[in-house]
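Biologist: Please put the model up, and then we can go through it one question at a time.

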Amino acid sequence: MDIALPDFLTKIEFVETAQVTHFYAQDKLTFAATALKSYPVDYSISELEQKLDPKRFIRIHRSTLLNVEYVQELHGWFGGKLLVRLKD
């Protein structure tokens with residue numbers, strides 16, 4: 001599945017979801033993060049969660065969907081939480 005990632009001023013770029021390490025929400029905007037840069041997306045985290053393959057993308061926080069294929073390590077953290085380290 002490809003997701004249209006709008007650059008608000010000049011163009012629309014298409015990025016394969018396999019290249020997206022995670023999606024995150026910040027300041028009422030949603031972004032798709034790749035190894036090279038982050039792109040604004042026209043969907044909310046909830047909408048992406050419904051559209052994406054749940055075997056590949058899991059919600060780890062109310063503002064973050066994680067591509068499990070990019071997880072390198074999990075570490076125990078304070079308060080029973082986990083720290084996720086992504087592959088470089």
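Modeller: This is a predicted model. I will begin with Glu69, which is partly exposed at a relative accessible area of 44%.

Biologist: Which residue forms a salt bridge with Glu69?
Modeller: Partly exposed covers relative accessible areas between 20% and 50%, and Glu69 has 44%. Its partner counts as partly exposed too, at 23% relative accessibility. The closest N and O atoms of the pair are 3.0 Å apart, and the partner is Arg56.

Biologist: How many residues apart in sequence are the parts that Glu69 and Arg56 tie together?
Modeller: The salt bridge joins Glu69 and Arg56. Glu69 is in the loop between E7 and strand E8 (71-76), and Arg56 is in the loop between H1 and E6, so the pair ties together parts whose separation in sequence is 13 residues.

Biologist: How many salt bridges does the structure hold, and which residue does Glu49 pair with?
Modeller: The structure holds three salt bridges. Glu49 has a relative accessible area of 34% and is partly exposed; its partner is partly exposed as well, at 32%. The closest N and O atoms are 2.8 Å apart in this salt bridge, and the partner of Glu49 is Arg59.

Biologist: Which elements do Glu49 and Arg59 lie in?
Modeller: The two residues form a salt bridge. The pair ties together parts that are 10 residues apart in sequence, because Glu49 lies in helix H1 and Arg59 in strand E6.

Biologist: Where does Lys37 lie, and what is the N to O distance in its salt bridge with Glu13?
Modeller: Lys37 counts as partly exposed, at 41% relative accessibility. The cut-off for a salt bridge is 4 Å, and the side chains of Glu13 and Lys37 meet at 3.9 Å, N to O. This pair links distant parts of the chain, 24 residues apart: Glu13 is in strand E2 (residues 11-16), and Lys37 is in the loop between E4 and E5.

Biologist: Now the overall layout. What pattern does the protein chain follow along the sequence?
Modeller: The protein chain has one helix and nine strands. Of its 88 residues, 30% count as buried. Read in order along the sequence, the pattern is β-β-β-β-β-α-β-β-β-β.

Biologist: Why is strand E4 described as largely enclosed by the rest of the structure?
Modeller: A residue is buried when its relative accessible area is under 20%. Strand E4 (residues 29-33) is largely enclosed because this applies to four of its five residues.

Biologist: How many bridges join E4 to strand E3, and how many to E5?
Modeller: Strand E3 (residues 22-26) pairs with E4 in the antiparallel sense, and one of the bridges sets Gln26 against Leu29. E4 and E5 also run antiparallel, with Thr30 opposite Val41 in E5. The number is five for E3 with E4, and four for E4 with E5.

Biologist: Which residue takes a positive phi in the hairpin of E3 and E4?
Modeller: The hairpin of E4 and E5 has four residues between its strands. In the hairpin of E3 and E4 there are two residues between the strands, and the one with a positive phi near 50 degrees is Asp27.

Biologist: Which elements give two or more residues to the largest nonpolar core?
Modeller: The core has 11 residues in all, among them Val15, Phe23, Tyr39, Leu48 and Leu65. The elements that give two or more residues are strand E5 (38-41) and helix H1 (45-51).

Biologist: Is Asn67 buried or exposed, and what is its relative accessible area?
Modeller: Asn67 lies in strand E7 (residues 64-67). Beyond its neighbours within four places in sequence, Asn67 has contacts including Thr17, His22, Arg56 and Phe57. Asn67 is buried, with a relative accessible area of 0%.

Biologist: Which residues form the nonpolar patch on the surface?
Modeller: One member is Ile60, which is in strand E6 (residues 57-61) and counts as partly exposed at 43% relative accessibility. Together the patch residues have about 210 Å² of accessible area, and they are Ile58, Ile60 and Val68.

Biologist: What share of the exposed area of the protein chain do carbon and sulfur atoms supply?
Modeller: The protein chain exposes about 6,300 Å². The share supplied by carbon and sulfur atoms is 52%.

Methods
Residues are numbered from 1 along each chain as its sequence is written. This is a predicted model: local features need pLDDT of at least 70, side-chain atom pairs count only at pLDDT 80 or more; totals for chains, interfaces and linings use all residues. Side-chain values use heavy atoms; hydrogens and water are left out. Patches are made of residues with over 30% relative accessible area and no salt bridge: like charges are joined within 9 Å, nonpolar side chains (Val, Leu, Ile, Met, Phe, Trp, Tyr) within 5 Å. Accessible areas come from the Shrake-Rupley method with a 1.4 Å probe; for residues, only the protein chains shown count as cover. Buried means under 20% relative accessible area, exposed over 50%, partly exposed in between (1.4 Å probe, protein chains only). Contact means heavy atoms within 4.5 Å. A nonpolar core is a set of buried Ala, Val, Leu, Ile, Met, Phe, Trp, Tyr and Cys residues joined through side-chain atoms within 4.5 Å. Two strands pair if DSSP finds at least two bridges between them.
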